[in-house]
2 protein chains.
Amino acid sequence: MTEFELIRTFFARQPVSRADVAAGIGDDAALLRPPAGQLLAVTSDLLVSGVHFLPDVEPRSLGHKALAVNLSDLAAMGAEPAWFLLNLTMPEADARWLERFCEGMFDLARAYNVQLVGGDTSRGPLAIGIEAHGFVPEAAALRRSDAKIGDRIYVTGTLGDAAVALQHRLGKQRLSEDDFAAVAERLDRPTPRVREGLSLRGLAHSAIDISDGLLADLGHILELSRVGARIFLDKIPLSPVCQAHVGKSGWEAPLAMGDDYELCFTVPPKNIGALEKLQFTCGFHCIGEIEAEPGLRIVDESGRLYDPLFTGHDHFAGK
Amino acid sequence: MTEFELIRTFFARQPVSRADVAAGIGDDAALLRPPAGQLLAVTSDLLVSGVHFLPDVEPRSLGHKALAVNLSDLAAMGAEPAWFLLNLTMPEADARWLERFCEGMFDLARAYNVQLVGGDTSRGPLAIGIEAHGFVPEAAALRRSDAKIGDRIYVTGTLGDAAVALQHRLGKQRLSEDDFAAVAERLDRPTPRVREGLSLRGLAHSAIDISDGLLADLGHILELSRVGARIFLDKIPLSPVCQAHVGKSGWEAPLAMGDDYELCFTVPPKNIGALEKLQFTCGFHCIGEIEAEPGLRIVDESGRLYDPLFTGHDHFAGK
C-alpha cells in the first residue's frame, strides 16, 4: 500500500461534510470559510508513543483521545469546533490499526460536527499531532488572563480518574475490576467539555482545560491574570474510586497528575446565579476563590494549608 | 529546564507581530482574525528525523526548511501566508540546538511576515510538524483540479538540485566542492515560491508544489483534473550541476526524486502573453502541454517516448 492509497482509503472517508469547507483533503492546502465577525481559535496537541500513551494502546481509544484533547482546548476558549488536520507518523502503514484509529477519531468528529480537512502522514515512530480550528466571538473568548479578584473558581466533572486508571494499568496501584471499569473510560476516551465551554460564554471570566493537573493549569490562570487563589481540598469533586485512592495514596492524582480534560474556570459573583441555572451532564463544583495575594493556597479539611509534593506534569522536567 | 521555560525562552521570542493576531502563544488556543471575503488556506507538513532529514542535520537549515515546505504549499494555492503553529518532539530540550533551529525558522518567518501563534512540544524522537495558514480570494485559488486541455505546463526555477546534493551527502555520488556548494542550498534552505504563487492568481488554471518529484506531482494535477499531458525532457530547466548529473546518471533526480519546492502550474494560451511579462527571480519555463488523452507522456530529445523507471517518492512504498 502506498502512502497515497493509505490516505485515500482511511482519511478521505471522513464522515463530516460542512458547508464552510470549500476544499478539504487532496490539494496543497485546505480552503476554508471562517464565519464573518468571529475570531478563529486554533490549537494543536501532540500525542507521542511512550510519552503520552502506552505503545500497546487500543487504537480506537487513541484516535478518540487525539482529537478529544484538541477539542478540549477549544472548549476552554469557549470556541465552537469546526475543522481539524491530522499529522500521523507510524512505523508502517498497518491497515487494521488505522481502521480502528479512524473509527475512534471519526466517531468523535461526527459527534461534534468537525471535519478532517488535511494533514500529513509519514513513516516514523508512532506519534499523532492534531490541529483543531473553531470560532468564538471576540468578546466571548475565555482567556487564561482575565480572572479577577473575587471570582469563584469552578471545575467541571471529577478530577483524578484518568490518573488512577493509569496507575492501575501501569501496575503501580491495584483496583478491583469494577473500579477500574469505572475510571478506565476517563483515561481512554475523555469527553471534551465543548457544550460546557460554549455555555460559559458571557458568564466566566477565564478558563483553561486541565491536562497537566489542576495545580499546574490553575497556576497558568493565576500567572497570566496576575492574581492568586485559595482552593479547598474538600470541595474538589472526586468519583468514589478516586476518593478511595486519595484516602490511601494522597492527593496527587486529582491535583497534579492531569489527563483530566475537565474545564477549570472563574466566574464573577454577579454571574453565579446565572451559572447555577446551567445543567451540565458532567456537573460542576466551586472549589475556591481568586485572591489578590499571589500564589495558590490549598486548604485541607481541617483548615490548614496543604503543601503538595508534586505540582504538575512536565515533559522535560527532571533532566 | 522545564517544558514551559523552554517554550517561553525560544518560541515566545518569535519576531513577527501581526495586527490580525488577537492572542498568540500562551493560551489554550490562538485567536486570529481572518480577513473578510477570503478563504483561509491551511496546510501541514511533517519532517521526521531519518525519513525527511539526516539526524545530524544543521538545525538552522532544519528550522528554515520545516517552515519553507509549508509556505511552499500555500504558494501552490496562490495564498498569502500569515500564521503558523509548530509541533516539535525532541529527545531532550537541547538549548543550543533549539536556538539555531529557531534562528533558521524565524529568519524565514520574518522574510514572509508569518507569525508563530501556537503549537506543542514533547519529549520524543526528533520530528517537526508545522501547520501554516494563509488567505486567498476564492476565485483566485490555484487548485490541482482545474487544469484544462490546451494549458501550457510550466515550472519555476530548476529541478533536481536538491536530489543531486542529497546523493552527494549520502556518498552515492561525488561532486566537486564547488558543485556541491552550488546545489547544497537548494537541499538545505529551499526558497518557497510565495511571491510567484501570488503573481499567478488570475493567470494559472492549476498549480502544485514539487515535493515528491515532477512526475508524481504533475500526476496529481492530471488525475484530479481528469486530463493527460505531454512533457519534453529537453525543456526541463536544469542547473549546470544537475545537467552534468543527468548526463551521467539519467533523469531520476529532476523527474522523480523531489524535494524541489518549485511550482508546477498550468496556464491557458490566452494568458501566456501576460505570464511572459512576469519577472520571477527564479525564472520559469514551459515544459509541455495538457492533453485530452489520459496519462503522462515524456518525450526525449529525439522525439521518442521516454519510460521512467522510478516515478516518485512515497514514504510507505516498497513495504
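By what turn and what shift along the axis can chain B be laid on chain A? Keep that in mind as you open the viewer, and remember that you are looking at a predicted model.

**Stop 1: the two chains**

Colour chain A and chain B separately. A turn of 180° with a shift of 0.0 Å along the axis lays chain B on chain A, and the RMSD is 0.0 Å. That is the relation of a two-fold axis. Want to find the axis on screen? Select B:A36: within chain B, its C-alpha is the nearest to the axis, at 3.1 Å. The two copies also use the same surface to meet, since 98% of the contact residues of chain B recur in chain A.

**Stop 2: where the chains touch**

Now show the residues on both sides of the contact. You should pick up 60 residues from chain B and 59 residues from chain A. On the chain B side, highlight strand β3 (residues 39-48), which gives the largest share, nine residues. Try colouring that side of chain B by class: 32 of its residues are nonpolar, 12 are polar and 16 are charged.

**Stop 3: a sheet built from both chains**

Switch to cartoon view and follow six strands across an open sheet. Their order is β5(A)-β4(A)-β6(A)-β3(A)-β2(B)-β1(B), with mixed pairing. So what does "mixed" refer to? Strands of a sheet pair through backbone hydrogen bonds, either parallel or antiparallel.

Look at the two edges next. They are β5 (115-123) of chain A and β1 (21-23) of chain B, and each pairs on one side only. As you move across the sheet, neighbouring strands are turned by 20° against each other on average, ignoring direction.

Zoom in on the place where the sheet passes from one chain to the other. Select residues 39-48 of chain A, strand β3, and residues 30-32 of chain B, strand β2: they pair in the antiparallel sense over three bridges. For one spot to centre on, choose A:A41, which stands opposite B:L31 in β2(B).

Then swap the chain letters. Strand β2 (residues 30-32) of chain A and β3(B) are antiparallel too, and three bridges join them. Here you can pick A:L32 and find its bridge partner in β3(B), B:L40.

**Stop 4: the helix across the strands**

Go back to chain A and select residues 59-76. This is helix α2, and it lies across β3, β4 (80-90) and β6 (127-136) of chain A, running at about 145° to β3(A).

**Stop 5: two domains in chain A**

Colour chain A by its domain assignment: domain 1 covers 3-139 and domain 2 covers 142-306. Their C-alpha centres lie 26 Å apart. Where they meet, 17 residues of domain 1 of chain A are in contact with 18 residues of domain 2 of chain A. Which element gives the most to the domain 1 side? It's α2(A), the helix from the last stop, with 11 residues. This side of domain 1 has nine nonpolar, four polar and four charged residues.

**Stop 6: one arginine up close**

Finish by selecting A:R100, which lies in helix α3 (residues 95-112) of chain A. Is A:R100 buried, exposed or something in between? It has 17 C-beta neighbours inside 10 Å, so A:R100 counts as partly exposed.

Now show what is around it. Leaving out residues up to four places away in sequence, A:R100 touches A:P59 and A:R60. Draw a line from A:R100 to A:S61 as well: the two are 39 residues apart in sequence, with 8.6 Å from C-alpha to C-alpha.

Terms used. Residues numbered from 1 in each chain as written. Chains lettered and ligands numbered in written order. Predicted model: local features only at pLDDT ≥ 70, side-chain atom pairs only at ≥ 80, totals over all residues. Pairing = 2+ DSSP bridges. Helix = DSSP H or I, 4+ residues; strand = E, 2+ residues; numbered from the N terminus. Axes fitted to C-alpha atoms, helices over the stretch in contact; angles between N-to-C directions. Contact = placed C-beta atoms within 7 Å. Domains from an automatic or database assignment. Nonpolar A, V, L, I, M, F, W, Y, C, P; charged D, E, K, R; others polar. Least-squares fit on C-alpha atoms with pLDDT ≥ 70 in both. Buried ≥ 20, exposed ≤ 12 C-beta atoms within 10 Å, placed from the backbone.
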